[in-house]
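I opened this entry to keep track of what I looked up, beginning with the pocket and then working through the helices and the cores.

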Amino acid sequence: MTAGPNTRAAYMPAHMRLTDKVNADITAAMKAKDSPRLSALRMMKASMMNKGVEKGRDLEDAEVLQVVASLVKQRRDSIEQFSKAGRTDLVEKETAEIAVLEAYLPPAATAEEIDAAVAAAITETGAASPKDIGKVMKAVMPKLAGKNADGRTINESVRRKLVV
């Protein structure tokens, strides 16, 4: 049996905590000698532990997801900077890390789901002009909780609907 990114998933109970899954995946990556994946997982575990120390307790799964989402966002920002600087080697490394990290996030919200949530929030808040973007964003974010929705994408959708 070859050890791949999803080999251990079949043996893990559905109720397994995310931190336990990360630890199990680190072990699997070590056994498979998959150093790029191992590097990304260790970085993620270190961030989770730092956040746990900051909070003074073990993180809940929702908090772990926030940590992972922020790591993905950092990687996307880095890719943007590395692309501008012409560092394709670093762009590839960051892209590979994003692929590993995104496996731990819930499925991304579709454009239709985002547009529907934005439209509902606009009617709910009575927003009419671009000045109301903050109000709408505050109303949209809880609607998309539990889904992997990029704040920048949501903000662009809000802007499009309020400017028209």
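Pocket. I looked up the largest pocket first and noted that about 770 Å³ of space lies in it; I keep in mind throughout that this is a predicted model. I then listed the lining, which comes to 34 residues, and noted that Lys 147, Asn 148, Ala 149, Asp 150 and Gly 151 lie nearest the centre of the pocket. Going by element, I found that H3, helix H5 (111-125), helix H6 (133-143) and helix H7 (151-163) each supply at least two residues of this lining, and that H3 gives the most, with 10 residues.

Overall make-up. I next went through the secondary structure of the protein chain and recorded seven helices and zero strands, so that the order from the N terminus reads α-α-α-α-α-α-α. Of the 164 residues of the chain, 32% count as buried. Among contacts with a separation of 6 or more, 56% are made by residues 24 or more positions apart.

Helix H4. I checked the length of helix H4 (residues 88-102): at 1.5 Å a residue its 15 residues should span 21 Å, and because its end C-alpha atoms are 21 Å apart, the two values agree. I wrote down Val 91, Glu 94, Glu 97, Ile 98, Val 100 and Leu 101 as the buried residues of H4, and I noted that what covers them includes helix H2 (35-55) and helix H3 (61-85).

Arg 75. Which residues does Arg 75 touch, leaving out those up to four places away in sequence? I found Met 43, Glu 94, Glu 97, Ile 98 and Leu 101. Arg 75 is found in helix H3, and because its relative accessibility is 10%, while the cut-off for buried is under 20%, I entered it as buried. Its side chain makes a polar contact with the side chain of Glu 94, at 3.3 Å.

Cores. I then turned to the largest nonpolar core, which has 23 residues, and noted that Leu 41, Met 44, Met 48, Val 68, Leu 101 and Tyr 104 touch the most other members. The elements that give two or more residues to this core are helix H1 (18-32), H2, H3 and H4. Apart from this core lies another, of 17 residues, among them Val 136, Met 137, Leu 144 and Leu 162.

Tyr 104. Last, I listed what Tyr 104 touches, not counting residues up to four places away in sequence, and the list reads Leu 18, Lys 21, Val 22, Asp 25, Arg 37, Leu 41, Met 44, Leu 65 and Val 68.

How values were computed. Residues numbered from 1 in each chain as written. Predicted model: local features only at pLDDT ≥ 70, side-chain atom pairs only at ≥ 80, totals over all residues. Heavy atoms only, no water. Helix = DSSP H or I, 4+ residues; strand = E, 2+ residues; numbered from the N terminus. Expected span 1.5 Å × (residues − 1). Buried < 20%, exposed > 50% of the residue type's maximum accessible area, 1.4 Å probe, protein only. Contact = heavy atoms within 4.5 Å. Core = buried A, V, L, I, M, F, W, Y, C linked by side-chain atoms within 4.5 Å. Polar contact = N/O pair within 3.5 Å; in protein donor to acceptor, adjacent residues only side chain to side chain. 1 Å grid on protein atoms, 1.4 Å probe; cavity = no way out; pocket = protein on both sides within 12 Å on 5 of 7 lines; lining within 4 Å. Points joined across faces, edges and corners; volume = space filled by probe spheres on them.
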